[in-house]
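Let's take a walk through this protein together, beginning with its aromatic rings and then stepping back to the chain as a whole. Keep the 3D view open as you read.

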Amino acid sequence: MIINGRFSADGGRMSDSTFLTPEEVAERYRGSVSVGTLRNWRAMKIGPSFVKIGKAVLYRVDELEAWDDRNRVQCRASKRIEQDAVDRA
(Lines give C-alpha, C1' and ligand atoms only; values in the text may rest on other atoms or scores of the structure.)
Protein backbone atom coordinates (compact mmCIF):
# COMPACT_ATOMS: atom_id res chain seq x y z
CA MET A 1 0.00 0.00 0.00
CA ILE A 2 1.27 3.44 -0.95
CA ILE A 3 -0.31 6.28 1.02
CA ASN A 4 0.23 9.05 -1.53
CA GLY A 5 -3.01 8.25 -3.31
CA ARG A 6 -1.60 5.82 -5.86
CA PHE A 7 -3.12 2.66 -4.30
CA SER A 8 -6.11 2.02 -2.09
CA ALA A 9 -5.97 0.09 1.18
CA ASP A 10 -6.99 -3.12 -0.60
CA GLY A 11 -4.20 -2.71 -3.17
CA GLY A 12 -6.52 -1.54 -5.96
CA ARG A 13 -5.46 1.27 -8.26
CA MET A 14 -6.77 4.74 -7.42
CA SER A 15 -6.61 7.93 -9.39
CA ASP A 16 -3.19 9.57 -9.09
CA SER A 17 -4.90 12.84 -8.29
CA THR A 18 -7.25 11.68 -5.51
CA PHE A 19 -4.90 12.94 -2.78
CA LEU A 20 -2.14 15.53 -2.84
CA THR A 21 0.82 15.91 -0.51
CA PRO A 22 1.48 19.32 1.07
CA GLU A 23 4.22 19.86 -1.52
CA GLU A 24 1.76 19.15 -4.33
CA VAL A 25 -0.81 21.49 -2.76
CA ALA A 26 1.82 24.25 -2.68
CA GLU A 27 2.45 23.61 -6.39
CA ARG A 28 -1.30 23.65 -7.09
CA TYR A 29 -1.48 27.17 -5.65
CA ARG A 30 1.67 28.18 -7.55
CA GLY A 31 3.65 28.88 -4.40
CA SER A 32 1.12 31.36 -3.00
CA VAL A 33 0.49 28.89 -0.18
CA SER A 34 3.68 27.33 1.13
CA VAL A 35 4.18 23.98 2.82
CA GLY A 36 4.93 25.90 6.03
CA THR A 37 1.67 27.84 5.75
CA LEU A 38 -0.23 24.57 5.31
CA ARG A 39 1.52 23.21 8.41
CA ASN A 40 0.55 26.31 10.42
CA TRP A 41 -3.03 26.13 9.19
CA ARG A 42 -3.26 22.47 10.23
CA ALA A 43 -2.02 23.36 13.72
CA MET A 44 -4.60 26.16 13.97
CA LYS A 45 -7.38 23.99 12.42
CA ILE A 46 -7.95 26.42 9.54
CA GLY A 47 -7.45 26.08 5.79
CA PRO A 48 -8.43 23.11 3.65
CA SER A 49 -9.37 19.88 5.39
CA PHE A 50 -6.82 17.06 5.31
CA VAL A 51 -6.34 13.41 6.16
CA LYS A 52 -3.58 12.27 8.46
CA ILE A 53 -2.44 8.66 8.34
CA GLY A 54 0.52 8.08 10.61
CA LYS A 55 2.91 10.90 9.72
CA ALA A 56 1.51 11.32 6.22
CA VAL A 57 -0.64 14.39 5.60
CA LEU A 58 -2.83 14.24 2.51
CA TYR A 59 -5.32 16.62 0.96
CA ARG A 60 -8.24 15.32 -1.11
CA VAL A 61 -8.53 17.14 -4.42
CA ASP A 62 -12.31 17.43 -4.11
CA GLU A 63 -11.88 19.03 -0.66
CA LEU A 64 -9.39 21.52 -2.11
CA GLU A 65 -11.89 22.38 -4.85
CA ALA A 66 -14.64 22.88 -2.24
CA TRP A 67 -12.27 25.08 -0.22
CA ASP A 68 -11.54 27.09 -3.38
CA ASP A 69 -15.27 27.61 -3.88
CA ARG A 70 -15.78 28.73 -0.27
CA ASN A 71 -13.00 31.30 -0.70
CA ARG A 72 -14.13 32.62 -4.06
CA VAL A 73 -14.49 36.38 -4.22
CA GLN A 74 -17.27 37.52 -6.52
CA CYS A 75 -16.44 40.80 -8.22
CA ARG A 76 -18.97 43.07 -9.80
CA ALA A 77 -18.49 45.64 -12.49
CA SER A 78 -18.28 49.27 -11.57
CA LYS A 79 -21.31 51.46 -12.32
CA ARG A 80 -19.46 53.12 -15.21
CA ILE A 81 -18.81 49.78 -16.93
CA GLU A 82 -22.43 48.74 -16.38
CA GLN A 83 -23.66 52.05 -17.80
CA ASP A 84 -21.38 51.72 -20.86
CA ALA A 85 -22.89 48.27 -21.52
CA VAL A 86 -26.42 49.71 -21.26
CA ASP A 87 -25.50 52.59 -23.59
CA ARG A 88 -24.19 50.15 -26.21
CA ALA A 89 -27.37 48.08 -26.11
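**Aromatic rings and the core around them**

Tyr29, Trp41 and Trp67 are joined by ring pairs into a cluster. Bear in mind as you look at them that this is a predicted model.

How many aromatic pairs does the whole structure hold? A search finds three. In one of them, Tyr29 and Trp67 meet edge-to-face, with 6.0 Å from centre to centre and 80° between the planes. This pair ties together distant parts of the chain: Tyr29 sits in the loop between α1 (22–28) and α2 (35–44), while Trp67 belongs to helix α3 (residues 61–70), 38 residues apart. Are these two residues buried or exposed? Tyr29 has a relative accessible area of 17%, so it counts as buried. Trp67 is buried as well, at 15% relative accessibility.

Another pair brings Phe50 and Tyr59 together. Their arrangement is tilted, with centres 6.1 Å apart and 55° between the planes. Here the partners part ways in exposure: Phe50 is partly exposed at 30% relative accessibility, whereas Tyr59 is buried, with a relative accessible area of 1%. Phe50 also has a charged companion, since Arg42 lies over the face of its ring, at 5.9 Å from the ring centre.

Now turn to Trp67 once more and look at what surrounds it. Setting aside neighbours within four places in sequence, Trp67 is in contact with Tyr29, Trp41, Gly47 and Pro48.

Which residues make up the largest nonpolar core? It has 10 residues in all: Leu20, Val25, Tyr29, Val33, Leu38, Val57, Tyr59, Val61, Leu64 and Trp67. Both β3 (56–60) and α3 supply at least two residues of this core, and α3 gives the largest share, with three residues. Tyr29, Tyr59 and Trp67, which you met above in ring pairs, are thus among the members of this core.

Finally, step back to the whole protein chain. You can trace four helices and three strands, and from the N terminus on they run β-α-α-β-β-α-α. Of the chain's 89 residues, 21% count as buried. Among contacts between residues at least 6 apart in sequence, 42% join residues at least 24 apart. The accessible surface of the protein chain comes to about 6,800 Å², and 52% of that belongs to carbon and sulfur atoms.

Conventions. Residues numbered from 1 in each chain as written. Predicted model: local features only at pLDDT ≥ 70, side-chain atom pairs only at ≥ 80, totals over all residues. Heavy atoms only, no water. Phe/Tyr/Trp six-rings, centres within 6.5 Å; stacked < 30°, edge-to-face > 60°. Buried < 20%, exposed > 50% of the residue type's maximum accessible area, 1.4 Å probe, protein only. Lys NZ or Arg CZ within 6 Å of the ring centre and 35° of its normal. Core = buried A, V, L, I, M, F, W, Y, C linked by side-chain atoms within 4.5 Å. Contact = heavy atoms within 4.5 Å. Areas by Shrake-Rupley, 256 points an atom, 1.4 Å probe, with all protein chains shown as cover.
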